[in-house]
Each structure stands twice: as C-alpha cells, then as structure tokens.
Amino acid sequence: MSTPAPEKIEKFRQQLKKDWTRDETVAAWRRWHGEIAAFTRGVTDALLKEAQLRSGLEVLDLASGVGDPALSIAPAVAPSGRVVATDLGPGMFSLAAELARNQGLKNIEFREAAADSVPFPDGSFDLVTCRFGAMFFPDLQKALRECRRVLRPAGRLCFAVWGRREQPFISTTHGVLAKYVDVPKPDPEAPDVFRFAERGRMTSELETAGFQDVKENLLTIPARWNGSLELYWQEFSEVSVAARPLLARLTPEKLASLKAEVLDGLQEFVQDGHLVLPLEVVLGSAIRP
Ligand SMILES: C[S@@+](CC[C@H](N)C(=O)[O-])C[C@H]1O[C@@H](n2cnc3c(N)ncnc32)[C@H](O)[C@@H]1O
C-alpha cells in the first residue's frame, strides 16, 4: 500500500493519459460504447443501487469515459440535482457529451480532471462515483483524499472495480493471448487493474483515507453479449488498451490461431445462443465523516 515516488507517479500518469486519449482508444470506444454499456449494465445497476440516488443530489463521477455511470445518474438526480463527469481528456467524454445532448440531459457537465487533483472546492458534492476507474489512479490515496475533500459531511463514495484476475472475462481473452506473446512484466508500483482483488484492500484504502462506514462487497454479475462471438473478439481486439499493442506483434497466422482458440474457449459460456460471462466485481462504498 506504499505510494510510489512523485516522479514515478508522474510517469504513470503520463502513460495513462497517452493510452486513454490516443486516437485508436477513442475511436474504439466510440464504435463499441453501446455494446459495452449493455454488456456491463449489471455493474452500473449495482453501483446505482449502492449510491442511493435521489432527486437533488450533486454528484461527481470520476474516470467517466464515454459516460458510464454518469449518463444514468443524471436523470435519477434531476431536476434539481446535477452530475459533473470527469476524465483525463476530452476524447472519451466528447462522445458522452454527444450522448447526453441526444438524450436531452440538461443537468450534466463534463470537465477534464485527473482523479488525484480535481478542480472543485471543498464540500461541493453529495456523492462521488466511479466505475472501472479507481484501479488506474496512480496515487490512489491522494485520489481518495480528494474524494473526501470535495464531499460534504455524510456524503457518499461508491466505486465499482474489477475483482480477481482469475475470472472468465480475463482468462478467455487475455489469458489465451498470454500463451501467444510475451506479456511485458509491469512495474510492480504501476497502477494495476486487479489492485482491489485481495479481500479487504478496498476497505483498508478507504479507511486509510479517512472514510467511515466502509462496505466492500464481492459480486458476480452476469454480463450478456448481444452479438456474435466473432463480434466479441473484434470488440476485445479494438477496445483493450492492454491487448492492442500485443496483438499488433503477432503474425497473421498466429493471430488467426489465437482468435480460433479464444472463440473456442468462449463456447463454454454460451447460454441460449448468447455469450454470458460472470463478471467478478468489487463494490466499495463509504461515508465522509
Ligand atoms: C475502463 S475506462 C472506464 C470508463 C467508464 N467509467 C466506464 O465504466 O465505462 C477507465 C477510464 O479511466 C480513466 N482514467 C485513467 N486514469 C485516470 C485518472 N488518473 N484520473 C481520472 N481518470 C482516469 C481513463 O481515461 C478511462 O476513461
């Protein structure tokens, strides 16, 4: 739980910004956002329930990407409440802003902000949410202290993050890819997608940052893919920031064998003609004293 040196944090922050704002990432999320939102809807629903939404709440959503869960929160806190959706760069949330306009949402705004230094005064929100973002915060404690600072007393924090690496969502794609290509060993201090996999980690991080009434629940949420397995592979190969550069290293023959092996492995999770993967997710919530 130690914090990396400031120059390392800066390096990780720059790398994340590069990965998440580059054209291929933005284009892939633009292309697949509808499918991703539908596939992971159960996670959004669990987060929204935990958040105890009601009209009038002022909400900060961190790492909003293309708008999950910010776009679902806005109507639930309307008409007097509002949502501020934030992310590292405008690439991702330019689509969220378009979707908000199309849906006629008037109580949502978009701001560029890294989670560990948000440009808002103390005590300006009732709720801070984040879905699949907190794993990436290079200085997690600083980000959590920022959440505490911008929350009003008795304000709530709700985060959904990935559980263990050993789950079908990972083993069926990244797990197979690792057999075809040497996956570079990450810096042990770098942000890790599975940083909250260990039971109790979410709780200890939130308590260290000064939160109270901390709850940590491990959930298994079915995710149903509405298209073909072929489309699922295509989405994975375009959207995954981690996999994309590794896939680019494979010869066309190796890529074809990898794809065949992935599609074959996914068959185990087909129910009534649809892919359904059990997503293991950690849901953390806490109150600012
Ligand atoms: C997997 S996406 C999740 C997006 C969205 N919340 C969702 O659930 O679909 C991760 C997001 O975290 C953002 N992110 C990464 N590091 C961040 C940081 N330090 N501060 C704020 N956002 C960050 C990325 O730009 C990206 O949009």
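This presentation covers the overall fold, the ligand site and the salt bridges of one predicted model.

Good morning, colleagues. I shall begin with the protein as a whole. The chain has 289 residues, and its radius of gyration is 19 Å, in agreement with the value near 19 Å that a compact globule of this length would have. Along the principal axes, the C-alpha atoms occupy a box of roughly 55 × 45 × 35 Å. The secondary structure consists of 12 helices and eight strands. Of the 289 residues, 50% are buried.

Let me turn to the ligand. How many residues surround the ligand? There are 17, and the closest are Ala 63, Asp 68, Asp 87, Ala 115 and Arg 131. Sorted by class, this shell comprises 12 nonpolar, two polar and three charged residues.

Three of the closest residues deserve individual mention for their polar atoms. At Ala 63 the partner is the backbone: one of its polar backbone atoms lies 2.8 Å from a nitrogen atom of the ligand. At Asp 87 the side chain is involved, with an N or O atom 2.5 Å from an oxygen atom of the ligand. The side chain of Arg 131 likewise places an N or O atom 2.6 Å from a ligand oxygen. As for enclosure, the ligand taken alone exposes 600 Å², and the protein buries 96% of that area.

I move now to the salt bridges, of which the model has 21. I have selected three pairs and one network.

The first pair on my list is Glu 112 and Lys 17, whose closest N and O atoms are 3.5 Å apart. This salt bridge joins distant parts of the chain: Glu 112 belongs to strand 3, residues 108-112, while Lys 17 belongs to helix 1, residues 6-21, and the two are 95 residues apart. Are these residues buried or exposed, or do they fall in between? Glu 112 has 43% relative accessibility and therefore counts as partly exposed. Lys 17, at 34%, is also classed as partly exposed.

The next pair is Arg 152 and Asp 126, with 3.0 Å between the closest N and O atoms. Here too distant parts of the chain are linked, this time through two strands: Arg 152 lies in strand 5, residues 151-162, and Asp 126 in strand 4, residues 125-131, with their positions 26 residues apart in the numbering. Arg 152 is partly exposed, its relative accessible area being 26%. Asp 126 is partly exposed as well, at 23%.

Both members of that pair also take part in a network of salt bridges, which links Glu 58, Arg 82, Glu 109, Asp 126 and Arg 152.

The last pair is local in sequence. Glu 146 and Arg 149 form a salt bridge through their side chains, at 2.7 Å from N to O. Why are the two separated by about one helical turn? They are three residues apart in helix 6, which spans residues 140-150. Their accessibilities fall on either side of the 20% cut-off for burial: Glu 146, at 12%, is buried, whereas Arg 149, at 24%, is partly exposed.

To close, I would leave you with two points about this predicted model. The ligand has 96% of its area buried by the protein, within a shell that includes 12 nonpolar residues. The salt bridges include a link between strand 3 and helix 1, and a five-membered network containing Asp 126 and Arg 152. Thank you for your attention.

Technical notes. Residues numbered from 1 in each chain as written. Predicted model: local features only at pLDDT ≥ 70, side-chain atom pairs only at ≥ 80, totals over all residues. Heavy atoms only, no water. Near = heavy atom within 4 Å. Polar contact = N/O pair within 3.5 Å; in protein donor to acceptor, adjacent residues only side chain to side chain. Areas by Shrake-Rupley, 256 points an atom, 1.4 Å probe, with all protein chains shown as cover. Nonpolar A, V, L, I, M, F, W, Y, C, P; charged D, E, K, R; others polar. Salt bridge = Lys/Arg side-chain N within 4 Å of Asp/Glu carboxyl O. Helix = DSSP H or I, 4+ residues; strand = E, 2+ residues; numbered from the N terminus. Buried < 20%, exposed > 50% of the residue type's maximum accessible area, 1.4 Å probe, protein only. Rg over C-alpha atoms; globule rule 2.2 N^0.38 Å.
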